[in-house]
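Q: Please take a close look at the side-chain pairs in this structure. A reader new to the structure would also welcome some account of the fold around them.

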Amino acid sequence: MVKIFFLLEVLATSVFTVYTFFLQGEEAALATGLAVFIASTPICLWLSKFLVIQFTKRVLRSRGITVNNSRAILTVPEVSTVAIPLRNFLTDGKFAITDVVPEGLTEETLLSHAASVEQYGSHALGRVIYKTALERRLKVVNVAAFSEIPCRGVEGVMNDVPIRVGTADWVRSRDVVISGALWTRVGQFAGEGKIPLVVSVGKVARGVIALKDEISSAAKSFVTILQNNGMEPAVLTAVNNPTAKSIAQIFGVETLRTELMPDDKAREVQILRAKKQIVAVLGNETHDVPALNAGDVSIFVRKIFDDEEKAGALDEMDFRISALDKFFTLREIAIYAAKLIRINRVVSVLAWLTLVGLALTLMLDEPPFQFNPATAGAGVLLTAILVWINSMRMLSSRA
């Protein structure tokens with residue numbers, strides 16, 4: 001909009017200057033051109049947004065919200081869908097082993113094999129298995145040829161035998177035989193909202209380790225407020241469908257996409273946007289980056305991430321907040337900012353039309369009053385003061 005007004009300013013100045021030059025001479029043309037240029041300047045229209053954004057960033061900082069992309073502030077009020085992970089959002093992210101079901105091995109040996117591979121992994125589930133084995137003083141040995149497939153599992157070679165720990169579908173895709181009894185337990189654990197991990201030794205599955213974390217009370221409130229404010233929560237997760245579905249039902253979440261790799265999550269966000277939805281994506285780990293980058297607004301929830309070095313990799317997201325409820329603080333402040341900008345623009349446009357209208361009188365042979373550069377400058381200055389005063393209301397708002 002400012003660019004359009006600037007083009008109009010240049011055009012009007014040129015026309016008025018040339019017209020006056022031919023009728024009244026060079027001196028009158030310079031005075032008229034300068035008066036028209038000042039009167040039609042869109043500086044106040046530019047200030048309408050700039051000042052509010054600067055004050056809004058100051059207020060957000062005082063509320064513990066970091067702004068990395070100022071332009072995203074005005075997108076927040078338009079958000080219709082909020083995409084969130086399942087783990088660490090709907091749940092507390094404090095995993096614990098609930099069941100160990102060995103087949104052909106002892107429980108201790110099953111945990112020992114799993115921990116030996118998981119000691120090199122980065123996923124929270126694997127860290128819990130490894131830590132539990134250490135607490136039980138089980139034998140943990142080094143493995144060779146370790147590899148980790150994000151959101152699927154880990155594998156390594158121990159004594160020339162491949163050991164795998166991961167989702168049932170992924171383990172089976174490695175040509176591992178899983179007995180009917182273990183498949184039954186996998187389905188049972190998933191239906192209870194647990195995460196079942198299959199452990200295989202060679203080409204045979206030797207057991208299932210089930211883990212679970214508690215439902216987050218803060219997330220229940222978060223989802224309820226989202227829905228009450230007309231925003232739809234969309235859960236995007238790598239967790240298998242039965243487990244995720246049992247948890248999502250507790251929250252009344254209808255939009256659920258499961259068993260997603262990081263790039264799959266980004267694709268789902270793009271699909272939501274293709275449906276004309278404005279999508280805010282919340283994330284807290286590096287594998288959330290593709291989805292965060294795909295959203296209209298990206299928000300990194302810092303509190304859930306203990307490793308500040310890794311958290312720093314997500315500093316380029318639009319916003320950083322310390323807790324889920326800060327999202328609503330951000331939204332309320334952004335809505336108020338949009339309101340102030342609308343008021344500023346109305347004031348600026350009305351002033352612009354008034355000053356330009358007065359400038360038009362310079363084309364008359366006998367203008368009804370004297371309109372010169374000083375008069376035009378005073379009008380612009382007064383408008384800028386009004387815009388500044390209205391923008392300052394952000395600092396005293398209770399949003």
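A: The account below begins with the overall make-up, turns to the side-chain pairs, and ends with a sheet and a surface patch.

The model is predicted, so local features are reported only at pLDDT of at least 70 and side-chain atom pairs only at pLDDT 80 or more, while totals for chains, interfaces and linings use all residues. Residues are numbered from 1 along each chain as its sequence is written, and side-chain values use heavy atoms, with hydrogens and water left out.

The protein has 399 residues, and 47% of them are buried. Here buried means under 20% relative accessible area, exposed means over 50%, and partly exposed lies in between, with a 1.4 Å probe and protein chains only. There are 14 helices and 13 strands; these are DSSP runs numbered from the N terminus, helices being H or I of at least four residues and strands E of at least two. Of the contacts with a separation of 6 or more, 66% are between residues 24 or more positions apart, where a contact means heavy atoms within 4.5 Å. The accessible surface comes to about 19300 Å², and carbon and sulfur atoms account for 56% of that area. Such areas come from the Shrake-Rupley method with a 1.4 Å probe, and for residues only the protein chains shown count as cover.

The charged pairs come next. Twelve salt bridges are found in a search of the whole structure, each being a side-chain nitrogen of Lys or Arg within 4 Å of a carboxyl oxygen of Asp or Glu. One of them joins D99 and K194, with an N to O distance of 2.7 Å. Because D99 belongs to strand β3 (residues 96–102) and K194 to the loop between α7 (180–191) and β7 (195–201), this bridge ties together parts that are 95 residues apart in sequence. K194 counts as buried, at 13% relative accessibility.

Another salt bridge is formed by R257 and E268, whose closest N and O atoms are 3.3 Å apart. R257 lies in strand β10 (residues 255–257) and E268 in helix α10 (residues 262–274), so the pair connects parts eleven residues apart in sequence. The relative accessible area of R257 is 30%, which makes R257 partly exposed, whereas E268 is buried at 11%. R257 and E268 also belong to a network of salt bridges that includes D264 and R267.

Helix α10 takes part in a further link. K265 forms a salt bridge with D288, the closest N and O atoms being 3.8 Å apart. K265 is in helix α10 and D288 is in the loop between β11 (279–283) and α11 (289–294), so that distant parts of the chain, 23 residues apart, are linked. Both K265 and D288 are buried.

The aromatic side chains also form pairs, five in number. Rings of Phe, Tyr and Trp (its six-membered ring) pair if their centres lie within 6.5 Å; planes under 30 degrees apart count as stacked, over 60 as edge-to-face, and the rest as tilted. The pair of Y120 and F146 is tilted, because the ring planes stand at 45°, with centres 5.5 Å apart. Y120 is in the loop between α4 (107–118) and α5 (124–135), and F146 is in strand β4 (residues 144–149), a link across 26 residues. Y120 is partly exposed at 34% relative accessible area, and F146 counts as partly exposed at 29%.

The rings of F222 and F327 have centres 6.0 Å apart and planes at 70°, so this pair is edge-to-face. F222 of helix α8 (residues 217–228) is thereby linked with F327 of helix α13 (residues 326–360), 105 residues apart. F222 and F327 are both buried, and ring pairs join them with F328 in a cluster.

Strand β10, which holds R257, also has a place in a sheet. This open sheet of seven strands has mixed pairing and runs in the order β1-β13-β12-β11-β2-β9-β10. Since β1 (66–67) and β10 stand at the edges with a single partner strand each, one side of each has no neighbour in the sheet. Strands count as paired if DSSP finds at least two bridges between them. β1 pairs with strand β13 (residues 319–321) in the antiparallel sense over two bridges, and V67 has F319 of β13 as its bridge partner.

On the surface, L381, I385, W388 and I389 form a nonpolar patch with about 400 Å² of accessible area together. Patch residues have over 30% relative accessible area and no salt bridge; like charges are joined within 9 Å, and nonpolar side chains (Val, Leu, Ile, Met, Phe, Trp, Tyr) within 5 Å. I389 is found in helix α14 (residues 373–392) and, at 47% relative accessibility, counts as partly exposed.
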